[in-house]
Amino acid sequence: MVYITGDTHGEKERLSPAKLRALKSGDTLIVCGDFGFLWDGDKQEERFLKQLGKRKYNICFIDGTHENFNLLKNYEVSEFCGGKAQKIYGNLYHLMRGQVFHIDGMSIFTMGGGESPDIDIRTEGDSWSRDEIPTREELLEGAHALAKENYKVDLVVTHEPPLRIKGFLQLKDYDSLRVTALNAYFEELSDSCTFKKWYFGSMHMDKHISSTHTAVFRNVLRADTGEKV
């Protein structure tokens, strides 16, 4: 079984065994960005990552906008369930951008990253990295991965939502939204790709937008149905 939750931001309670008691051996939990547990690189953090990796189920995360990308780059890229991933420790994985993974009979497209809303007042190296923004190469790799699936997947898992969904949640007109290349990419994906569910975490809310689109934050959801567990 595949489960979904939203941005964890390094909050240990969010991934406590009690919180995830519904998960069984061999299941997979996917965090929709801003994982936050690779931040300081100290011994205490390393011990907790090892604890997560020793769980009987997989814990996987896509990156968001608030990550220590310099730390993340230290992990080797390998293959996991048909896509590129970084094995952090044991059953703990970072699912890379522009990949399609086949997990428990489900095809899952992932695209982490985004653009911080306060990017205009941030400086490189001061709690901000330009690595948060997906590159042209990563977007193209995602397009090629979807083409191999004939533009049909079961799940889309991203940090950011498509542009129209973001406008709806922020109560803004389409024309007044800040449009990025990633926003445009997701709009094209929405129009050209067939999917059953699309989950995203950056809005920090738990809300079913439509039969296909769901904003997830603190809830843990069954990926196939969107039901809270």
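Modeller: Before we look at anything, let us fix some words: helices (H or I, at least four residues) and strands (E, at least two) are DSSP runs, numbered from the N terminus. This is a predicted model, in which local features need pLDDT of at least 70 and side-chain atom pairs count only at pLDDT 80 or more, while totals for chains, interfaces and linings use all residues. Residues are numbered from 1 along each chain as its sequence is written, and side-chain values use heavy atoms, with hydrogens and water left out.

Biologist: In what order do the six strands of the open sheet stand?

Modeller: Two strands pair if DSSP finds at least two bridges between them. Here the order is S7-S8-S9-S10-S12-S11, and the pairing is mixed. Strand S7 (99-103) and strand S11 (207-208) are at the edges with a single partner strand each, so one side of each has no neighbour in the sheet. S7 runs antiparallel to strand S8 (residues 106-111), to which five bridges join it, and His-102 is found opposite Ser-107 in S8.

Biologist: Which strands does helix H5 lie across?

Modeller: For such packing, contact means heavy atoms within 4.5 Å, and axes are lines fitted to C-alpha atoms, for helices over the stretch in contact, with angles from 0 to 180 degrees between N-to-C directions. Helix H5 (residues 181-192) lies across S8, strand S9 (155-158), strand S10 (197-200) and strand S12 (213-215), and runs at about 155 degrees to S8.

Biologist: How many residues lie between S4 and S5 in their hairpin?

Modeller: There are two residues between S4 and S5, and Cys-81 in the turn has a positive phi of about 55 degrees. Strand S4 (residues 77-80) pairs with strand S5 (residues 83-89) in the antiparallel sense over four bridges, with Glu-79 opposite Lys-84 in S5. S5 also pairs with strand S6 (residues 92-95), again antiparallel over four bridges, and in that hairpin Gly-90 takes a positive phi near 55 degrees.

Biologist: How many cavities of 30 Å³ or more does a search of the whole structure find?

Modeller: Rolling a probe the size of a water molecule over the atoms shows where empty space is left. On a 1 Å grid over the protein atoms alone, a cavity is a set of points where a 1.4 Å probe fits but cannot get out, and lining residues have an atom within 4 Å of a point. The search finds two cavities of 30 Å³ or more, and the largest holds about 40 Å³ of space, a volume being the space filled by probe spheres set on the points, which are joined across faces, edges and corners. Its lining residues include Phe-35, Phe-61 and Glu-67.

Definitions and conventions: 1 Å grid on protein atoms, 1.4 Å probe; cavity = no way out; pocket = protein on both sides within 12 Å on 5 of 7 lines; lining within 4 Å.
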